[in-house]
Amino acid sequence: MTTVFAVSGRLTAADEVSYNFQVRPILAEHCFKCHGSDAKQRKGKLRLDTREGAMEKKSIVPGKPDESEFIKRLITTDEEDLMPPPKEHRPMSAEKIALLRRWVEQGAVYQKHWSFIPPVKAPLPPVASADGKPLHPIDQLVRAKLQQQGIKPAEPAKREAWLRRVSLDLTGLPPTLEELDDFLRDESDGAFEKVVDRLLGSTAYGERMATDWMDVARFADTFGRHEDADSAVFPYRDWVIKAFNRNLPYDQFVIQQTAGDMLPGATQDMYIATAFNRLVQQSNEAGSNEEEFRCEHVADRMRTNGSAFLGLSLECARCHNHKYDPITMKDYYSMSWFLSNVDELGLYSRYTDAVPAPSLLIYKDNDESRHAELKLRITTLERQREAMRGEAWGRFNQWTNAGGRPAVAKPVVHIPLESFDAKAAENLADPKHPGAVRRKPSDKPALGRVGKALHLEGDNWVSVRDVGDFSRTHPFSLSIWVKITAIQPRAVLIHHSRAGLDAASRGYEILLEDGKPSFALSHFYPGNALRVRMKQALPLNTWTQIVATYDGSSRAAGAKLFINGFPVETDVVRDHLYKDIVYEKTAKDLTDVEEVALAAGGRYNDQALKEAYIDDLKCFDRQLTPVEVRVLSESASQSKPEEWFEWYLREVDGPWRAATDKLTEARKQENELSMTLGEMMVMREMPIEPRPVFVLERGRFDARREQVQPGTPESVLPFPDDLPRNRLGFAKWLVDRRNPLTARVYVNRVWQIFFGRGIVGTSEEFGMQGELPTHPELLDWLAVDFMEGAWNVKALCRQIALSATYRQSVVPTDLALLKDDPDNRLLARGPRQRLTAEQLRDSALAVSGLLSHEVGGPSVKPYQPDGLYDEAGVQAAYDQDHGDKLHRRSLYTYWKRTLPPPTMTVFDAPTREFCKMRRDRSASPLQALVLFNDPQFIEAARVLADKLVGQYPQDDAARIRTAYRLLTNQTPSDWQMQVMTKSLQTEREELAKEPALADKILHVGEAESSKSLPPAEVAATASVLRALMAYDEFVMKP
Amino acid sequence: MTQCHNHWSPLGLTRREMLNRFGLGIGGLALADMLSSAQASQGGLAGLPHFAPKAKRVIFLLMSGGPSQIESFDYKPELTRLMGQDLPLSYRGGKDKPLPGMAGNQSRFPLVGSPFKFKQHGQSGAWVSDLFPHTAKVVDDMCFVKSMCSEAVNHDPALALMQTGSQISGRPSIGAWVSYGLGTDNRDLPSFIVLVTKKNVDQPLSCRLWDSAFLPTHYQGVQFRSGRDAVLYLNEPSGVTRASTRRMLDMLGAMHGKEREVFPDAEITTRMEQYEMAFRMQTSVPEATDLSKEPQSVLDLYGPDATKPGSFAANCILARRLAERNVKFIQLYHPGWDHHGKLVEGFQKIVPEIDQPCAGLIQDLKQRDMLKDTLVVWGGEFGRTSYAQTVDPSKSGGSVYGRDHHRECFTFWMAGGGIKPGITYGSSCDLGYNVASDPVTINDFHATMLHLLGVDHERLTFRFQGRDFKLTDLAGKVVKGVLA
């Protein structure tokens, strides 16, 4: 069908043949199978899909059709030579052959794929309306094509029908009776404009446009994989609503979602917008490889960005060069660089409710200034305390002279590892909290640094519970002796946590990474954590003491490592800890995993030390001073008195200690605030070093090949030199005026909102394998106009909504068109589609008056069939909401990716697991069951019945007429009135036979029902309304 | 999604299909004609089946979580003999790189054998562990495939691979492919029905596993639930009577009929048709799911859980009833096999939930002469390791060990529907770790399943985003050795 319209559809001068729109479709249908890009299928070593190929064997001689074998073969009478071969049963029509001939005559010009050629506004065809009035360019371009085919456009739709249509399209809601009557009365010139402007100005407009975008952004309230836990990302949804309502230009809409965090002076909103690239499906399955899943995240971003902005299925090039479009694997991975450079883990946490970093703390009310004040206060207090040193020296000297003697801090945990078994390891510092060794070593007790040691065999660590539970504001220190016999890529030396990967390392730890001690504090590693790593590896087969100290500052500079008593040089690996490292009481509690503990030698489901020995584990509840560390290491025989100054400050000096208390208090307050603020996943660039990106063979995460630099596919638009090679540059590349795709893809998408079908039917695919546009000039005119008009989305909607094309009746002038052009590709009539899942439910709520008009906020849980989660084995309970929350717009309905709301998916809503640019519009009996029996619809019917009976207690006709107008916005005909009033009478009679039923009907759903009205009357009316809510005129957009 | 589908769909239509029908002049057929064809085969692609099918329908018993082959059907005495010794490096291809999964963090990989005794059964002499006394009785009807292998080691992608042929989410489920290709033999019931055992586990099944993905929406599996509403919203809410629904349909019929005279839109007819079908489902579904009339002798076949709604036993009976009504693809899930620890205890609890029902299903189908054209398949998304996880069995009394996920080699059984009975196909190595002979990949398994249904897996395609997608993606060979 595409071909038929495309061949005759191009409006260029009749004598100029278009390769893209006329020739290529013919070649694709008849020739490319054997003479196309697939070398394996190729016959006679001839390819016709490139000009070089066609010239190579002089198959085509430009300008000389009679000398071209290509043409000769099409017209020969020799069955042997004839192309396409008769046995293929794809004979070419004389019309097509004539066209190809003309094309060769004109020089056989090949073109780039149409969508890669930047759009331009073609001259408008001289078409006027029947009454001679000038037409909008949209209508000129649509009608020119109709004229060409000798087809008349449909009559304008009735005003009621247009109003219903435009209200549903622009707000997702039907008009009220007042709006309907106002419009029918308004005979002024600008009546239509007034309606469109009113609709565009309503908040419901933003909600409607956002609903559409949610499918693209794969927005949902859960992570999607494995346990499918909740992920509160509703601020992103609210940002989208706001963006549409304040008419954020589309280029900004794209830039902010792609790189809002990198804009100068980025606001909270701009950060929130970047959640677009974090809404990937995530897993928390134990035993997952975090790099594997991180690569999946990047792949999902590529797929989403490709479809949403460029209309290209880039994912093909993840495993091999794109078969059809000029996009190579290298292009793919170069572009993925931009979307890879984020400090994410690849998994969400199994044992905490932490928001996967990087994240943004979300401020409300005066949170932001409070937080800023606290941070400023901390800095000020730090400086003030620092300034006290000078004076403190005097006091220190006095104290020393007065005979003050220092003493090394006492540990709060001290496990000498002299006597231990699986049950208990002596804790000298705190005998009430003995440690435990997971399994006794298989051999005899090993010789330790002093006495005995614990021989680690990979699964026998020592742990102590209920100790060392330090917050990030609390200074602390750790000390241990270790002897390793081999270098492991990763091994846990000491940790205080519930788990490693499965808790995103919440807590603190010392790892040996390639033998290098590395000390970290994490809320959610790596994006919300600090880590310092020693530059050198530990010596093998040598007892070495490792001490880590931390000052409570939440900064990497406050974390220090000492070897054998002396500080060592470290690299800062991460320095962005902004939430606490302790476990909250609210976190899920699962069996089979040791609870939070301080442990040395290993950790459940992590890499433990193997063939290593540890001895004398200590933990201190303060930051040890260098001299204490040295004393502790027993490597320093002597210390100078002045070395104890820091110790003196910490332990003795009154003013200093008072200043410390104040500082700690401020830090605690800041920490507490950080834990109560909202938080959401956002994009941030990698700290310190950009993430290297490699071509991955067959897309496998562990098959790294060539390293790539950031870039974009040359075939679309080479990366301009004046843009930075980072995500912000990528965002600007997307909306660069020279980018041939972005504007086209978006105007097409908006067109799809109004007409149910894009000008390019495959709105997700503008590549070679997508459909050709039915109206290429129209698409290009809209795209260029959109860009010239500063990407004004409301203006775009306005001109489509006010076009004569859109205003047409759904009944074509010639009924045969229903059959000949079932998809309405010619646009010779108005759009007619079933309402979307959201529009159906929202309409029912709106007409009944139940609809809550609250905008934004956390998602809500309306009615859902009993036991739905239970039957699916979901452990979480569905806590259905009550009151107004039952009746929010469907945009706010809680969306669980593994089990989305069934009343939505049955009407073709996607699961939101990945980007979806277009929904099916199917019809199934399951939909009928929802309309008939979903309590939501019955409740709406009986609440509306309540109102109507109250309004028209005696007048059946008035009651029915009003109901019909509310539900369909049309005036019922006489025969319709007859059928409906008779129906009402029947229901009334039936209910009279069994009065108990009426009361039950009035109790479907939680909305109050009027007590004063006769139940049977309300119930009978509700029954008729129930039927009307399944009626074509309610279910369809007219 | 833009291609013309020259076919009818089993239960529901895309807009395109509705319009095509109108275009073909079928829209004008009397409604009654369309609705009276409950048992006729309809829908499906032109030219399908490609050849005479051996199986008319499939019952797939998916044990999600990954059951251990070693404690069930793959007898490995060598593991008991070598108890506590490490898995030799040679079995891992000599590579000392970390193993995937949780056990990757273990320092040792101590082998552990099944504590359950194994015996040979039936004429075929199939080895079955003592935990499966009922299955043991029907082994001569079964074909054990001991050389299954997967590519994925985590549940989510492994289930996706098992159900859609690809680890990447967003591909249609097997059942959806089958309905798309073959249509339905019963227009009053969905052609792809999903039954999930009602139990609490920490691995909920995602509805993506029975999704139609890029195939039209109505090919997606319909989950039948154990309660009053087997299908969501099947019944009227309290107070609304069936008679009232009938009257409502009549009112709509009158209004739609008249409307069509003015505006001959095929969609109106279709909608009305779907409404009537829904109304008939309100009868046909309860009838199909009503186990109360099953005689005691049948209930006894499936064991003591047979009368417990939502149990695997009850779902097996339901599966048989749906099979009798010619539902094409019946997918059962029984979760809870993820035994990382305490495998023995876990097995003792879970195996009795499925042993007798599985055997009962085979026997029941056989006594109704339906086994010959009903393909029954049993298996998980992967198997489990030959070595213990969590604890060293040789040092801890032996019973608290678990096993990690294992994709290299595991066991399925198949029966009926053109499968050669009483054989074992393929084998594992002496330690049950690797496939020793005749590997069967998930794509091979799918190709074979489609083959039995009369479908050439290479030719069941759907064009999406310019590519012809297949259930078997770019791979898959029919496993000839299991065919009768």
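Me: Is A:Asp621 buried or partly exposed?
Reply: This is a predicted model. The relative accessibility of A:Asp621 is 25%. Buried needs a value under 20%, and exposed needs one over 50%. The value lies in between, so A:Asp621 counts as partly exposed.

Me: Which side chain meets A:Asp621 in a salt bridge?
Reply: The closest N and O stand 3.0 Å apart, and the cut-off is 4 Å. The partner is itself partly exposed, at 29% relative accessibility. It is A:Arg622.

Me: How many salt bridges are there over all chains?
Reply: Some share partners. B:Glu287, B:Arg320 and B:Asp364 are among the residues joined this way into one network. Over all chains, the number of salt bridges is 107.

Me: How many residues apart are A:Asp300 and A:Arg218?
Reply: These two form a salt bridge, with N and O 2.9 Å apart. A:Asp300 sits in helix α15, while A:Arg218 sits in the loop between α11 and α12. The pair links distant parts of the chain, and the separation is 82 residues.

Me: Is A:Arg218 buried or exposed?
Reply: Buried means under 20% relative accessible area. A:Arg218 has 0%. Its partner A:Asp300 has 11% and is buried too. By that cut-off, A:Arg218 is therefore buried.

Me: Which helix holds A:Glu296, the salt-bridge partner of A:Arg318?
Reply: The two side chains meet at 2.9 Å, N to O. A:Arg318 lies in the loop between α15 and α16, 22 residues from A:Glu296. A:Glu296 itself is in helix α15.

Terms used: Residues numbered from 1 in each chain as written. Chains lettered and ligands numbered in written order. Predicted model: local features only at pLDDT ≥ 70, side-chain atom pairs only at ≥ 80, totals over all residues. Heavy atoms only, no water. Helix = DSSP H or I, 4+ residues; strand = E, 2+ residues; numbered from the N terminus. Buried < 20%, exposed > 50% of the residue type's maximum accessible area, 1.4 Å probe, protein only.
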